[in-house]
Amino acid sequence: MTFSDKIPRILVVEAVEADAEAVLCLLRGSGLHFEAKRVATRKNFVTEMANFSPDLILSNSSVPRFSAFDALRVLKDSARDTPFILYADPVGEEVAVECMKEGAFDCILKSSLARLPVSVQNALEAGEARRSREQAVRSLRESEEKFRSMVESTNEWIWEEDLAGRIIYSNPAVKSILGCTLDEIMGQFVHDLVLEDDSIFVTEMYRESIKERKGWSQMVRRFRHRNGSICYLESNAAPVFGPDGAIVGFRGSDRDITERKRTEAQLLHDAFHDSLTGLANRTLFMEHLQLCIAKGKSRRPRRFAVLYLDFDRFKIINDSLGHAEGDKLLKYIARRLEACTRPGDLVARFGGDEFVILLGDLSEQSEALLVAERIRNGLNDPFDIGQRTIFITTSIGVALSTAKHTSAEDMVRDADISMYAAKASGGAQYQIFDEAMHAQASRKLQLETEMRGAFENREFQLQYQPVVRLDSGELVGFEALIRWDHPTRGILPPSEFIPIAEENGLIFKLGQWTVQESCRQMREWQQLYPKAENLTVAVNLSSKEFRQPELAEKVAATLRSTGLPGKCLKLEITESHIMDHTGPALKMINRLRALGVEFSLDDFGTGYSSLSYLHRLPFSYLKIDRSFVSQMCESTENSEIVNTIIRLAQSLNMKVVAEGVET
């Protein structure tokens, strides 16, 4: 069979079963394979049309009460397009003519019945071909409907443009993407819809695509939404060719990537800006500064400067108010700095309370100092944080551009060095960088590096200064004085390395070693000389050492390991170390006194000299600073000060130690 692998079904309308079987035998004899059923009434015909669903109907023209014409009319009323073949006696020619008019496929007289198999074969093949066409049409219609549904329901803007760039088709997605209705978008030129800055680029892309006979991929175009916002659309398109092979337009789709672009912009902003204040961060600042340095090497160099700001006593504010209020203050500072600088200047936050400002295009370098002075004055006004009014000052380092600056790191370093010089000079001022500062900072860095190796090389040593009673000349103890036996610079006093140790954190290791070695040496002397059992050794503590929460535990462990009684150890602290932390200082002193350790107030008279904390804190000794003692013979005023301190100590049951009596 040429029409289908399916076995066809034939419905025979015949009153006489034998006649129907004769016709079917004729067909089988010709090699046709099929299924067949016979009906003789209208009712049976209608039933089998529904149940048997024949592929071909054979009808005798002389069926009583249900003629072939009747069967054909029922077939047409059922809207089925099943081939209908009439085989008729000569007396039924009139019926045959009517059937052919009604659309019968063929009419065969019984005298020509031999050609019935060929007619049936042709009818079945015609029916199969018609069904195939109908199925193809249905599939095409379904496919078109599916495609139309997809196009109209997609979130992407599907469009077609003619060669001039005029929109000739658009799906409904344009409403959600650009805010335009279909009526509004149809006939519009694309280059009129994109932003003006992108119009030239889009036009050039069209020309190039036409010339190269190709489309484009992932082209980003910016459109203005009807609400005024900017939309980023990623476009992909292919050319549309006419019958002659020439490009007649483009067909493509645009995807809305506005949110992605906003996210990328936010990530880019976050990468180059401080999250707390919104100012530029270190990365962005260094890029701008390096660009300024590069421009400074051009034929027409420009003057610029870097200001490095650090706020005085900010840590105290942060600790007292809490970090949340401290962050709020930093935001207020950022806004005030922006108000004090010029348009085009770059204000950045490097972290903590460190702000850096790049002043570009200076007509005179003195202009940088005017800005620094304006910032200093601008910060004099108080900040209102909640219910509190806060006053704050800043130390400013100024680095002016010079031909020697080749990198941003070097210039920021110079501004940082000059800032520390301003802070060391008392704060609330600005300092201009000079080479002497750099040399001093280099020496300091070198000393810090060498200090780390000094522990391994055992270069630190203690010298013991005797403490003697003036009335009897009796030795009562020693003060341990740390020295650094530097391999190239000789013996260095603590004033040259203790401040550095406090900055880099080595003070804790150095202090622990000093206490340990002093106690060990004192205990060794006591064991060698029985008369020394009541002698004491005094050790100075820095403010950072004294504020260690575990200080009492460390001292207790040292006393246990060396075997020195606690009463033989005396710790010395200066009054400036305890003024801002009187409460915690009292707790720490009491914990140490519980070990038997005594305390001495060092350098009394050079600081606050407050009777309030002197009365509250349990000091055993009051130490008069050598600046008063050494000039007693030169000034009666200093003698009176010393006498006053002695009487004060006696009234508080404290012993007095005088420095500077070596002569």
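**Notes on the helices, sheets and cysteines**

1. Right after helix 9 comes R213, with a positive phi near 55°. Keep in mind throughout that this is a predicted model. Helix 9 itself takes in residues 196–212, 17 residues in total. From first C-alpha to last it reaches 25 Å, close to the 24 Å expected at 1.5 Å a residue.

2. Which residues of helix 9 are buried? They are D198, S199, V202, Y206 and S209. These cover an arc of only 115° around the axis, which puts them on the same side of helix 9. Turn to the other side and you find D197, I200, R207 and K211, which are exposed. I'd look at this helix end-on, with those two sets coloured separately.

3. What do the buried residues of helix 9 pack against? Two of the partners come before the helix in the numbering used here: strand 6 (157–162) and helix 8 (190–193). Strand 8 (216–224) and strand 10 (247–256) are partners too.

4. Helix 17 (residues 494–504) can be read in a similar way. Its buried residues are F497, I500, A501 and N504. Looking down the axis of helix 17, they fall within an arc of 105°, so they line one face of the helix. S495 and E503, on the other side of helix 17, are exposed. The residue that follows helix 17 is G505, and its phi is positive, near 90°.

5. Now the sheet built from strands 12, 13, 11, 16 and 17. It is an open sheet of 5 strands in the order 12-13-11-16-17, and the pairing is mixed. Strand 12 (346–351) and strand 17 (430–432) stand at the edges, each with a single partner strand, so one side of each has no neighbour in the sheet. From one strand to the next the twist averages 20°.

6. Inside that sheet, how do strand 11 and strand 13 pair? Strand 11 (residues 303–311) and strand 13 (residues 354–362) run antiparallel to each other, with 7 bridges between them. For a landmark, take L307, which stands opposite I357 in strand 13.

7. Further along the chain, strand 24 (residues 621–624) has pairing to report with two strands. With strand 23 (residues 598–604) the pairing is parallel, over 3 bridges, and F604 has I624 of strand 24 as its bridge partner. With strand 25 (residues 655–658) the pairing is also parallel, over 4 bridges. There, Y621 has K655 of strand 25 as its bridge partner.

8. The side chains of strand 24 deserve a glance as well. In a regular strand, side chains alternate between the two faces of the sheet. Here Y621 and K623 point one way, while L622 and I624 point the other way. Buried or exposed? All of these residues in strand 24 are buried, K623 included.

9. Last, the cysteines. How many disulfides are there? The count comes to 0 disulfides, with the cut-off being a pair of cysteine sulfur atoms within 2.5 Å. Take C180: the closest cysteine sulfur to its own is in C231, 9.3 Å away, which is too far for a bond. C180 is buried, at 5% relative accessibility. C340 is buried too, with a relative accessible area of 9%.

Technical notes: Residues are numbered from 1 along each chain as its sequence is written. This is a predicted model: local features need pLDDT of at least 70, side-chain atom pairs count only at pLDDT 80 or more; totals for chains, interfaces and linings use all residues. Side-chain values use heavy atoms; hydrogens and water are left out. Buried means under 20% relative accessible area, exposed over 50%, partly exposed in between (1.4 Å probe, protein chains only). Two strands pair if DSSP finds at least two bridges between them. Axes are lines fitted to C-alpha atoms, for helices over the stretch in contact, and angles run from 0 to 180 degrees between N-to-C directions. The expected span of a helix is 1.5 Å times one less than its number of residues. The arc is that of the directions from the helix axis to the C-beta atoms. Contact means heavy atoms within 4.5 Å.
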